[in-house]
Amino acid sequence: IMLVEGQFWQAIAILIKNFHSLNKKIFEVVITQVEKEQDDFICNSNEEELYKSLREPSKRTCNAFKIHFKLLPKKLPNNILATGTVDFASCSYQCQFASDAIDDFSVRFLDGQLLLDSKQNPNWLEFVLKPKLVKWSQSKQDEARVKSLGLVNVEKYTDLYKKLKEKHAQRLLQYWQTAQESTDPLKFIYEDLAIAAYLIVLWRQTQTEPKAFADLGCGNGLLVHVLHSEGYKGYGYDIRRRKLWSLYPEDTQKGLIEHAVQPNTFRLDFPEIDWLIGNHSDELSPWLPVLAGRSNTNFFLLPCCAFELSGAKFQRRNTSISAYQDFFHYVTQVSEHCGFQILQDRLKIPSTKRLALVGIKRDTLKSSQQLEYFVHGELRKYNTGDVDIKIREKEESVRNCTQVDKFIIDALVFKIFQLLLASNVDKWSGRLTMREIAQNLTKGELSGIKSECGGIKTLLRNKHEVFEFCGGDRVGIRKPKRLTASGSKLTTKKRACFFKNHHPFGCPLADTECLFIH
């Protein structure tokens, strides 16, 4: 692909901020200092001038920039220092790392082409860095996009998250095994540890540490337990008691309350509560700012499933954006009607629903009468009374693959597996779009999986050991991962290896290397 110089510098601007997206061992990149070379002198600069010079050549005031980085690793105890050099004269960018764990590299633009160089890792340049740079060079920058972890000090967050994983993860995995939970422990544990780390850093940074918090719709109570363990008093409310509750320490168990949160009749039992938490709280999501306004508390909300205040399914307002963004805007508007000055952030968690709303400052001129007038107006749209709000039943049917007959699931998985093999992109796997897969399934198969499992995509995600999403809504067959020394014994060697039994080439790993049983 032939590029122009402006596209090259656009790609470099994105690379500087997003090197962590090219290396899974790095959580985030923090720029610590920016210097510029001007008339043979080195002087201080800043990120704003750097990015303006990269994107707008007419506003350049120097020949080169030197950028000092701090790379925050996911597992290594110490941060990695690095230096990036932008040279406008030679149309090049060079990055050097103060660690043998990451190889130095350089990128140069010449005659419409990218010239990449690294002494140690040419494959990474060709198959990872180069495709990303080409993609970034042609991307449209969304200035309105919420920056990840924009409200907290990323370095403090990363350090705390690593400490929480080291302190809690293994014990929580054992809880999952004891309770024989069917949900994915790694997703829930690492997600709630990340949310706990975020809240603790946010509270300390904004000097709003709670006297007590209430997690409404707390589910398995994991977030309540972790925050309790870190010294924060709080309570979790949920309509149903979960198996995990009985395994937590006694002080956590005392704070977990089996109680339906009916929005227009619910009142907090403890006067010291000054923070409400909505962690993927489904139908309660739009109600959380209302409840926070009524009880005069702060709130943190990760909106999840889209519902109106009435409990009805969310009605789209703006079809030019995604359904999730549309719902997020709606909940933001509800929060503003409740008098909150809203802060927005994007968390780094293993979930597609990771946009967060934080309500700390509230307009004291907004009266409770105005709040209730707004709520009643929303409910009248659906002829819903003050009490008759449709919130889930205590005993609800589960819509996931665990409730579909195992033989039906196995047959569908095998059929999709065969379709991917037949598409023949390479010897191991083909690639098909979700649409192509759906066109090859019968109406009966589609309706059955939709009603009980939430659709083909949920099925494929649940079978992540077999399938992988390859971008652009395309699906392929995953290559088996090797067993590592750090892997949890609780989640390995529990099931038969799918590839050993079904792939024409078998499993490429030896029995001792594979996560599954041969």
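Which residues does Phe 300 touch, not counting residues up to four places away in sequence? In this predicted model, the partners of Phe 300 fall in several stretches of the chain. They include Ile 195, Tyr 198 and Leu 199. Trp 275, Leu 276, Ile 277 and Gly 278 also touch Phe 300. The list is completed by Leu 288, Leu 347, Ala 356, Leu 357 and Val 358.

Phe 300 belongs to the largest nonpolar core, which holds 47 residues. Together with Tyr 157 and Leu 227, Phe 300 touches the most other members of that core. Three helices give two or more residues each: H4 (154-179), H5 (185-206) and H6 (222-229). Strands E11 (275-279), E12 (298-302) and E14 (355-362) do likewise. H5 supplies the largest share, 12 residues. A second core is separate from this one and has 42 residues. Among them are Leu 22, Cys 95, Leu 133 and Val 134.

The chain as a whole contains 15 helices and 17 strands. Its C-alpha trace spans about 70 × 65 × 45 Å along the principal axes. The radius of gyration is 26 Å; this agrees with a compact globule, because one of 518 residues would have a value near 24 Å. Buried residues account for 46% of the chain. Of the contacts between residues at least 6 apart in sequence, 59% join residues at least 24 apart.

The exposed surface of the chain is about 27200 Å². Carbon and sulfur atoms supply 49% of that area. Charged side chains number 73 positive and 61 negative. The centres of these two sets lie 4 Å apart.

Key
Residues numbered from 1 in each chain as written. Predicted model: local features only at pLDDT ≥ 70, side-chain atom pairs only at ≥ 80, totals over all residues. Heavy atoms only, no water. Core = buried A, V, L, I, M, F, W, Y, C linked by side-chain atoms within 4.5 Å. Buried < 20%, exposed > 50% of the residue type's maximum accessible area, 1.4 Å probe, protein only. Helix = DSSP H or I, 4+ residues; strand = E, 2+ residues; numbered from the N terminus. Contact = heavy atoms within 4.5 Å. Rg over C-alpha atoms; globule rule 2.2 N^0.38 Å. Areas by Shrake-Rupley, 256 points an atom, 1.4 Å probe, with all protein chains shown as cover. Lys, Arg positive; Asp, Glu negative; His and termini not counted. Charge placed at Lys NZ, Arg CZ, Asp CG, Glu CD.
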